[in-house]
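Trainee: I keep meeting labels such as buried, exposed and salt bridge. Please show me how each one is earned.

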Amino acid sequence: MYQWFYNKISAKKAVADDSVYLLNDEEIRYVKRRENITIFLAALIGAIMVLVLYLPQYWLPGLFPVSTFKVPFVDEPIEFGVVSFVYGMVLVFLEIVLLTFLNIYCTHHIAFSIGFINRETKHEKDKKSLLLSIGQEKKNKDIKNLGIDPYYGQKKSSVFLMNTLFTLKATLSNLLVKILIQRVLGRYAVREVMDMLGIPIFAFWNAWGTRQVLREARIVIMGQNYLDYFKEELQNHRKLTDREKVIIYDTLQYVAMSKRDYHKNHYLLSKLILEQFEVSTVKNHIISKEYYKELSATESDFKLLNEKIILLGFALDGSLSVRERKNIKELNKFKIISQSPEEVKLLVERFVYGKGLL
């Protein structure tokens, strides 16, 4: 269904110049205008869906009967509206489909406007698959095939819990707001008021989610094209020794662990480095406990190469966490990179806004 929709999107005139990983002023204005319209529509869908969920239940209560169920080991019977629940699930499915259509539509136009695709190349398998995966918010976990795990050292239960909480962020925030209002208003908190509180909450999270998707589209597109230029630069570097190959593998694992997330650009960067320097991969690469000391003791040209890989790794997903800032200070301490956390943050911002990288 999503592939059919992608194929039907019209290809308009591009505003791109020759530098796909850099955005000129016209490109930035066009992309921001597209993004703002899409974010507004996503918020509008969230608000409308809350109204569509509750208004029919107010106006036609006979269509949404509440049944009483006896649950084992529970003394009091439980009331549950089966029709209301099924109706809500149908609306959830419909909302997800509409938001995905919206994300794919805008992602396609961003890619077209900055020259990543054109009328002929939009149907190429790799580019089409990439844009559809962005629109559908699919995590790219190909980096695990290289033996690199962003969650190395973390308990699976912790990762599962964090991902679950993140997935349910809109529902949980809606519940917390309702509890808060119930405590403040007491008996004046009528059902209609409590239900309508979901309008700004779900509108906000829809807008936030769509903004993240469109930002991701820009970052992935610009990152992939920058790596094409970086590949040419790597071809001029000398061959690495066996020990240096192990350390550069450690560097890629270090970047992934600093990010604690999967990202298409990190996979492409890692794949490029491993292939360029003929580094043999393993099923699960374990970073050396003395990584900082071992890297700081290497040849100057090799340290410069690793410095650039680390900076690219920190920048290519368009974000810099508190954990990464702490890691940068450690890297400064061992003289592995010279840039401060503030300078790396500026580098990330330049990349996100289409102003280049290193």
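**Labels and the values behind them**

Trainee: Why is Glu-294 called partly exposed?

Mentor: The model is predicted, and Glu-294 has a relative accessibility of 25% in it. Partly exposed covers what lies between under 20%, which is buried, and over 50%, which is exposed. A value of 25% falls in that range, so Glu-294 is partly exposed.

Trainee: What makes the contact of Glu-294 with Arg-243 a salt bridge?

Mentor: The N to O distance between their side chains is 2.5 Å. The cut-off is within 4 Å, from a side-chain nitrogen of Lys or Arg to a carboxyl oxygen of Asp or Glu, so the pair qualifies. Glu-294 belongs to helix H11 (residues 291-296) and Arg-243 to helix H9 (residues 242-259), so the bridge ties together parts 51 residues apart in sequence. Arg-243, at 43% relative accessibility, is partly exposed.

Trainee: How do you know that Glu-290 and Lys-293 form a salt bridge?

Mentor: Their closest N and O atoms are 3.9 Å apart, and the limit is within 4 Å, so this pair counts as well. Lys-293 is exposed at 53% relative accessibility, because exposed means over 50%. Glu-290, with 39%, is partly exposed.

Trainee: Which residues are joined by salt bridges that share partners?

Mentor: Lys-32, Glu-35 and Arg-218 form one network of that kind. Within the network, the closest N and O atoms of Arg-218 and Glu-35 are 2.7 Å apart. This pair links distant parts of the chain, with Arg-218 in helix H8 and Glu-35 in helix H2 (residues 25-59), 183 residues apart.

Trainee: Why are Arg-218 and Glu-35 called buried, given that both are charged?

Mentor: The label depends on accessible area, and buried means under 20%. Arg-218 has 7% relative accessibility, so it is buried. Glu-35 has 5%, so it is buried too. By the distance rule, the count of salt bridges comes to eleven.

**A pocket and helix H4**

Trainee: How many residues of each kind line the second largest pocket?

Mentor: The lining divides into six charged, three polar and three nonpolar residues. Lys-125, Asp-126 and Asp-228 are among the lining residues, and Asp and Lys count as charged. Phe-116 and Leu-268 are also in the lining; Phe and Leu count as nonpolar. The space in this pocket is about 300 Å³.

Trainee: Which helix gives the largest share of that lining?

Mentor: H4 does, with five residues. Helix H8 (198-234) and helix H10 (264-276), like H4, each supply at least two.

Trainee: Which residues of H4 are buried?

Mentor: They are Lys-128, Leu-130, Leu-131, Leu-132, Ile-134 and Gly-135. These residues pack against helix H1 (2-8), helix H3 (82-113), H8 and H10. Leu-130 is also one of the residues lining the second largest pocket.

**Two backbone angles**

Trainee: What makes Glu-137 worth a remark?

Mentor: Most residues other than glycine have a negative phi. Glu-137 is not a glycine, yet its phi is positive, about 60 degrees. Glu-137 comes just after H4, in the loop between helix H4 (125-135) and helix H5 (156-167). At 56%, its relative accessible area is over 50%, so Glu-137 is exposed.

Trainee: Where is Lys-335 found, and what is its phi?

Mentor: Lys-335 is in the loop between helix H13 (322-333) and helix H14 (341-352). Its phi is positive, about 60 degrees, although Lys-335 is not a glycine. Lys-335 is exposed because its relative accessibility is 66% and the cut-off is over 50%.

**The whole chain**

Trainee: How many helices and strands does the protein chain have?

Mentor: The chain has 14 helices and two strands. Of its 358 residues, 46% are buried.

Trainee: What share of contacts joins residues at least 24 apart?

Mentor: The share is 81%, taken among contacts between residues at least 6 apart in sequence.

Trainee: How much area does the chain expose, and what do carbon and sulfur atoms supply?

Mentor: The protein chain exposes about 20,200 Å², and carbon and sulfur atoms supply 60% of that.

Methods: Residues are numbered from 1 along each chain as its sequence is written. This is a predicted model: local features need pLDDT of at least 70, side-chain atom pairs count only at pLDDT 80 or more; totals for chains, interfaces and linings use all residues. Side-chain values use heavy atoms; hydrogens and water are left out. Helices (H or I, at least four residues) and strands (E, at least two) are DSSP runs, numbered from the N terminus. Buried means under 20% relative accessible area, exposed over 50%, partly exposed in between (1.4 Å probe, protein chains only). Contact means heavy atoms within 4.5 Å. Accessible areas come from the Shrake-Rupley method with a 1.4 Å probe; for residues, only the protein chains shown count as cover. On a 1 Å grid over the protein atoms alone, a cavity is a set of points where a 1.4 Å probe fits but cannot get out, and a pocket is an open set with protein on both sides within 12 Å along at least five of seven lines; lining residues have an atom within 4 Å of a point. Grid points are joined across faces, edges and corners, and a volume is the space filled by probe spheres set on the points.
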